[in-house]
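I opened my notebook to get to know a new structure. Come along and read over my shoulder.

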Amino acid sequence: ERLPEILAAIPDDKVERMQARLLSVAHRFLYSSGHVVTRMLHRIHAHNRQPLPSDNHPMRRDDALATILQWLHSKARRGRRRGEG
């Protein structure tokens, strides 16, 4: 019930800082790999007359799927190290 009041009390400069930090990791929550999404990204960028980010761009390289796989890989490495001792 008080959420709008609580959010309105946050200073604008703090909101801007929080939004900037969120933007720096937003690609980690998007699925931008795969054929279907790639075709969609091509259409959106063509419509907006903007070049598509390169394959090395964080949005294309470290999307949600890559983040999940990286996390699973790190868990597997930790598990193997524990089992070796």
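These entries go from the whole chain down to single residues.

**Entry 1: the overall build**

I began by noting that this is a predicted model. Next I looked up the secondary structure: the protein chain has five helices and zero strands. Reading from the N terminus, I wrote the order down as α-α-α-α-α.

**Entry 2: dimensions**

How does the radius of gyration of the protein chain sit beside that of a compact globule of 85 residues? I found 19 Å for the protein chain, where the compact globule would come near 12 Å. I also looked up the box that the C-alpha atoms fill, and along the principal axes it is roughly 55 × 40 × 25 Å.

**Entry 3: surface, contacts and charge**

I checked burial across the chain, and 16% of the 85 residues count as buried. The exposed area comes to about 7400 Å², with carbon and sulfur atoms supplying 60% of it. Then I turned to contacts with a separation of 6 or more: residues 24 or more positions apart account for 56% of them. For charge, I noted 16 positive and 9 negative side chains, and the centres of the two sets lie 10 Å apart.

**Entry 4: aspartate 62**

Where is aspartate 62 placed? I found it in the loop between helix H4 (58-61) and helix H5 (64-84). Is aspartate 62 buried or exposed? Its relative accessibility is 12%, so aspartate 62 counts as buried, the cut-off for buried being under 20%.

I then looked up its company. Setting aside neighbours within four places in sequence, aspartate 62 is in contact with His27, Arg28, Thr67 and Gln70. With glutamine 70 there is also a polar contact, side chain to side chain, at 3.3 Å.

**Entry 5: threonine 67**

One of those partners deserved its own entry. Threonine 67 lies in helix H5. Its relative accessibility is 24%, so threonine 67 counts as partly exposed; that class lies between 20% and 50%. Not counting residues up to four places away in sequence, threonine 67 touches Arg28 and Asp62. Arg28 is thus a name I had already written down beside aspartate 62.

I also looked up a pair separated in sequence: threonine 67 and tyrosine 31 are 36 residues apart along the chain, and their C-alpha atoms are 9.9 Å apart in space.

**Entry 6: helix H3, two residues**

I moved on to leucine 41, which lies in helix H3. It has a relative accessible area of 11%, and therefore leucine 41 is buried. I paired leucine 41 with histidine 73, 32 residues away along the chain, and found their C-alpha atoms separated by 28 Å.

Histidine 45 is found in helix H3 as well. Its relative accessible area is 13%, so histidine 45 is buried. Which residues is histidine 45 in contact with, leaving aside its neighbours within four places in sequence? I listed Gln50, Pro51, Leu52 and Pro53.

**Entry 7: arginine 49**

My last stop was arginine 49, in the loop between helix H3 (35-47) and H4. Is arginine 49 buried or exposed? Its relative accessible area is 77%, so I wrote it down as exposed, the cut-off for that being over 50%. I looked at its backbone too: phi of arginine 49 is near 55°, a positive value in a residue other than glycine.

Key. Residues are numbered from 1 along each chain as its sequence is written. This is a predicted model: local features need pLDDT of at least 70, side-chain atom pairs count only at pLDDT 80 or more; totals for chains, interfaces and linings use all residues. Side-chain values use heavy atoms; hydrogens and water are left out. Helices (H or I, at least four residues) and strands (E, at least two) are DSSP runs, numbered from the N terminus. The radius of gyration is taken over C-alpha atoms; the globule rule is 2.2 Å times the number of residues to the power 0.38. Buried means under 20% relative accessible area, exposed over 50%, partly exposed in between (1.4 Å probe, protein chains only). Contact means heavy atoms within 4.5 Å. Accessible areas come from the Shrake-Rupley method with a 1.4 Å probe; for residues, only the protein chains shown count as cover. Lys and Arg count as positive and Asp and Glu as negative; His and the chain ends are not counted. The place of a charge is taken as NZ of Lys, CZ of Arg, CG of Asp or CD of Glu. A polar contact is a pair of N or O atoms within 3.5 Å; within protein, one must be able to donate a hydrogen and the other to accept it, and residues adjacent in sequence count only if both atoms are side-chain atoms.
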